Structure formats: C-alpha cells, structure tokens
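Please look over the structure shown here, with attention to its sheet, the helices that pack on the sheet, and its charged side-chain pairs.

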Amino acid sequence: MKKLALSIVAVLVAITTVFGLTACGETSEQKLKSYIQSDAVKEQIDSMTSQFESMLDIDVKAEGEKLVFDFTYKTQIDDATLQTVKPSLETAFSSLASTFETLANQIKKEVGLAGATVVININNADGKSIVNFEYKATE
C-alpha cells in the first residue's frame, strides 16, 4: 500500500510543474479543469493510469478549488482484507501529509487559488469509500 501512495505522490508532484499553463480570468474550477486538460498533465495522468490499470480505475477532476483524484479498485476487496488494507493506506498517506500539503501550496501559488486543496479518494470496486484524504494549502 505504501508503494501505491508513493507512486501517486510522484505523479502528483510531477504534474504540478505545469500549473503555470492555466489561463487568467477563469473561475477556480475552470483553471483546474484547464490544468487537468493540458497536454502535460494528461501525459502524467495517462502514465499513472497505465501503471495501475490492472488494479485501479483513476479519475481526476476539479471541484471548485479542489483537485480530486478518485482511485477505484477494479476488484472488490472483501471485508477481511479491508481490515488490513485500510490501516495500511491510512498510515501511508498520513506519513505523506506534508508532501500533499506542499502540492496544495504549489497550486495555491501558481494558480492563485486561496483554498487550494488536494483530495484523494480510494474506493472499493462497488464504489464504497475505503479512505479519503484532504490536504489543504497551509501557506
């Protein structure tokens, strides 16, 4: 599970380098949508998707000032396995909180979104939430 978290972090950090491409005069959500639709970000998202395509469906979207990553397992994880998976994910993502806050701070600075937030949702195949994380800009 830590490998999954670290891989996600690596891709998220890489794609923030293109935030300067967003257009001026757009709403917060439009800026994030433009960012997500840029060629450089699409390339990074495609890379992440191909890395996990056998295990996860990945959706990236803008919701207001939130950059939301939805990761949904393709195969249902049974309740017994979830008792191990969920704490592992919580530990892995908690240990990376400062990295995600830095990412939110970078979005805030480069896109000009005061409430910049990175949201990670990890769901079971049936759509039921396993864990959710929200990292807000702190600077």
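In helix α2, Lys33 and Glu29 are 4 residues apart, which means that about one helical turn separates them. The model is a predicted one, and in it the side chains of Lys33 and Glu29 meet in a salt bridge with an N to O distance of 3.4 Å.

**Salt bridges**
- The structure holds 7 salt bridges, including the pair in helix α2, where Lys33 is partly exposed at 39% relative accessibility and Glu29 is partly exposed at 30%.
- Lys74 and Asp57 form another salt bridge through their side chains (3.7 Å, N to O); because Lys74 lies in the loop between β2 and α4 (79-95) and Asp57 in strand β1, the pair ties together parts that are 17 residues apart in sequence.
- Lys74 has a relative accessible area of 41% and is partly exposed, and Asp57 counts as partly exposed at 42%.
- Lys61 and Asp59 are joined by a salt bridge whose closest N and O atoms are 4.0 Å apart, and salt bridges with shared partners link Asp59, Lys61, Glu63 and Asp70 into one network.

**Sheet**
- An open sheet of 4 strands, with mixed pairing, follows the order β1-β2-β3-β4, and its edge strands, β1 (56-63) and β4 (129-136), each pair on one side only.
- Strand β3 (residues 117-123) pairs with β4 in the antiparallel sense over 7 bridges, and Glu134 in β4 is the bridge partner of Val119.

**Helices on the sheet**
- Helix α2 (residues 28-37) lies across β1 and β2 (66-73) and runs at about 145° to β1.
- Helix α3 (residues 39-52) packs on the sheet, where it touches β1 and β2, and its direction makes about 150° with that of β1.

How values were computed: Residues are numbered from 1 along each chain as its sequence is written. This is a predicted model: local features need pLDDT of at least 70, side-chain atom pairs count only at pLDDT 80 or more; totals for chains, interfaces and linings use all residues. Side-chain values use heavy atoms; hydrogens and water are left out. Two strands pair if DSSP finds at least two bridges between them. Helices (H or I, at least four residues) and strands (E, at least two) are DSSP runs, numbered from the N terminus. Contact means heavy atoms within 4.5 Å. Axes are lines fitted to C-alpha atoms, for helices over the stretch in contact, and angles run from 0 to 180 degrees between N-to-C directions. Buried means under 20% relative accessible area, exposed over 50%, partly exposed in between (1.4 Å probe, protein chains only).
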